[in-house]
Amino acid sequence: MATIEECRAALEKLSDNMQHAEGNVRTAAELDRSVSCWISDLDVTFVGRMAGGRIVVQDTMQGPPREKAQIRLSMTGDDLVALVGGGLNFAKAWGSGRVKLHAGVRDLFVLRKLL
């Protein structure tokens, strides 16, 4: 099972990847939205903001998200690490329910380029 530190490192790597993206992926990364990522097996939520092509984690709290972020992810820590590391395909994980993504319809259309 991935640790909180490994999950935070995976989110930082995702943020770095987004910042160096090009083309349509860069356009998707430029959204300015509140973000939460609930790690279900650790019962921890990372809360932050996607802006300027990065995800900045502003807080880590116990339990599921207390407030509804504009973009909400939920998954296990191992799945987060595997997604960012390239060992898990987002579309397959989302389709099977391993990863949950909630956002507005417009944001979902833009995010599909990123994910």
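Select T45 first: leaving out residues up to four places away in sequence, T45 touches S36, C37, W38, D59, T60, M61, G63, P64 and P65, where contact means heavy atoms within 4.5 Å. The model on the screen is predicted: local features need pLDDT of at least 70, side-chain atom pairs count only at pLDDT 80 or more, and totals for chains, interfaces and linings use all residues. Residues are numbered from 1 along each chain as its sequence is written, and side-chain values use heavy atoms, with hydrogens and water left out.

**Stop 1: T45 and its surroundings**

T45 is located in strand β2. Helices (H or I, at least four residues) and strands (E, at least two) are DSSP runs, numbered from the N terminus. Is T45 buried or exposed? T45 is buried, as its relative accessible area is 0%; with a 1.4 Å probe and protein chains only, buried means under 20% relative accessible area, exposed over 50%, and partly exposed in between. Now display G63 as well: its backbone oxygen lies 2.6 Å from a polar atom of the T45 side chain.

**Stop 2: S36 and G23**

Move next to S36, which belongs to strand β1. S36 is buried, with a relative accessible area of 1%. Setting aside neighbours within four places in sequence, S36 is in contact with T45, F46, V47, P65, A69, I71, R72 and L73.

For a contrast, select G23, in helix α2 (residues 23-29). G23 is exposed, with a relative accessible area of 52%. Draw a line between the C-alpha atoms of G23 and S36: these residues are 13 residues apart along the chain, and the atoms are separated by 25 Å.

**Stop 3: two hairpins**

Colour strand β1 (residues 33-39) and strand β2 (residues 44-51); they run antiparallel and are joined by 7 bridges. Two strands pair if DSSP finds at least two bridges between them. Within this pair, W38 stands opposite T45. The two strands form a hairpin with 4 residues between them, and D43 in the turn has a positive phi of about 50 degrees.

Continue to strand β3 (residues 54-62), which is antiparallel to β2 and joined to β2 by 8 bridges. Here A51 stands opposite R54, and G48 stands opposite V57. How many residues lie between β2 and β3 in their hairpin? There are 2 residues between them, and G52 in this turn has a positive phi of about 60 degrees.

**Stop 4: the sheet and the helices across it**

Show all the strands together. An open sheet of 5 strands has the order β3-β2-β1-β4-β5, and its pairing is mixed. The edge strands, each pairing on one side only, are β3 and β5 (100-102). On average, neighbouring strands of this sheet are turned by 20 degrees against each other, direction ignored.

Add helix α1 (residues 4-19), which lies across β1, β2 and β3 and runs at about 160 degrees to β3. Axes are lines fitted to C-alpha atoms, for helices over the stretch in contact, and angles run from 0 to 180 degrees between N-to-C directions. Then add helix α3 (residues 77-85), which lies across β1 and β4 (71-75) at about 110 degrees to β4.

**Stop 5: the nonpolar core**

In soluble globular proteins, nonpolar side chains tend to be buried together. A nonpolar core is a set of buried Ala, Val, Leu, Ile, Met, Phe, Trp, Tyr and Cys residues joined through side-chain atoms within 4.5 Å. Which residues have the most contacts inside the largest core? They are I39, M50, I71, M75 and L80, in a core of 28 residues. At least two residues of this core come from each of α1, β1, β2, β4, α3 and α4, and the largest share, 4 residues, comes from α1. Select I71 in particular: not counting residues up to four places away in sequence, its contacts include L31, M50, L101 and L111.

**Stop 6: an aromatic pair**

Finish at F90 and W94, both in helix α4 (residues 90-96) and 4 residues apart, about one turn of the helix. A search of the whole structure finds 1 aromatic pair. The ring centres of F90 and W94 are 6.5 Å apart and their planes are at 10 degrees, so the pair is stacked. Rings of Phe, Tyr and Trp (its six-membered ring) pair if their centres lie within 6.5 Å; planes under 30 degrees apart count as stacked, over 60 as edge-to-face and the rest as tilted. F90 is buried, with a relative accessible area of 14%, whereas W94 is partly exposed, at 45%.

How values were computed. A polar contact is a pair of N or O atoms within 3.5 Å; within protein, one must be able to donate a hydrogen and the other to accept it, and residues adjacent in sequence count only if both atoms are side-chain atoms.
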